[in-house]
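These exercises concern the enclosed spaces inside a protein model. Work through each task before reading its solution.

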Amino acid sequence: MRVSFSVLLLLFCLPLPASEPALSFACDLFSADGLRKETWNVRLEAQLELNEQFSLTLPVTLAAERAYGGSTYLEGGLFLAYRPFSLRSYLLISLVQIGYLQSYLSEQDQNVLFLHEMGLGYRYVFPFGLVADLRLTVRDPNGVFTSEYEELASCFSAYEMVRLSLLVGWSFPVPSPLSKGGGKTLGTGERSAQ
């Protein structure tokens, strides 16, 4: 937890470029295969680009089991995307990730789970704002949260530790108050200093 807080603090201390940040919203299209499986899984995501190398991602995942146990699961978190070599390829790591499981198959009726994921992805933003993001995600890559993931796997018939996602959505520029035209406007009696 200290490492996540330190990375987040360091990220906010970095200077941001003069370009406008972008906010994007996307949905995982590969989760549509849950229509033919017992486990229905939906992932929605919002991403805020802080600068050319860093982005913050807020994913929300909902999973539901149709017949096997009738389990439901809601997960959210804060992720950091880092692009060290290219503007399109990135490394994704969870800073904070929490899940809420409700199932009669688990030891308790309602569980709050703390989790961890890492991913590699390739993101392309089209000039008109469409976003396509292909990502390979590994859950619990260092084996710290083994019992939490074993509990999730016991409650769902199709719970994968390695997941391939195709996130498709839309990106919007976020105007900054410090950008051109966003500053103080001059009144009729004021003159600009030149």
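For residue classes, Ala, Val, Leu, Ile, Met, Phe, Trp, Tyr, Cys and Pro count as nonpolar, Asp, Glu, Lys and Arg as charged, and the others, Gly among them, as polar. The model is predicted, and totals for linings use all residues, while local features need pLDDT of at least 70 and side-chain atom pairs pLDDT 80 or more. Residues are numbered from 1 along each chain as its sequence is written, and side-chain values use heavy atoms, without hydrogens and water.

**Exercise 1.** Describe the largest cavity (a set of points on a 1 Å grid over the protein atoms alone where a 1.4 Å probe fits but cannot get out; lining residues have an atom within 4 Å of a point).

Solution.
- Count: there are two cavities of 30 Å³ or more.
- Volume (the space filled by probe spheres set on the points, which are joined across faces, edges and corners): the largest cavity holds about 50 Å³.
- Lining: among the residues are Ser-24, Glu-45, Arg-123, Asp-133 and Leu-167.
- Classes: four are nonpolar, two polar and three charged.
- Strands (DSSP runs of E, at least two residues, numbered from the N terminus): S1 (22-28), S2 (39-49) and S8 (130-139) each supply at least two lining residues. S2 gives the most, with three.

**Exercise 2.** Describe the second largest cavity in the same steps.

Solution.
- Volume: about 40 Å³.
- Lining: Asn-41, Thr-61, Ala-63, Tyr-73, Glu-75, Arg-139 and Tyr-159.
- Classes: three nonpolar, two polar and two charged residues.
- Strands: S3 (54-65) and S4 (72-82) each supply at least two of the lining residues.

Technical notes. On a 1 Å grid over the protein atoms alone, a cavity is a set of points where a 1.4 Å probe fits but cannot get out, and a pocket is an open set with protein on both sides within 12 Å along at least five of seven lines; lining residues have an atom within 4 Å of a point. Helices (H or I, at least four residues) and strands (E, at least two) are DSSP runs, numbered from the N terminus.
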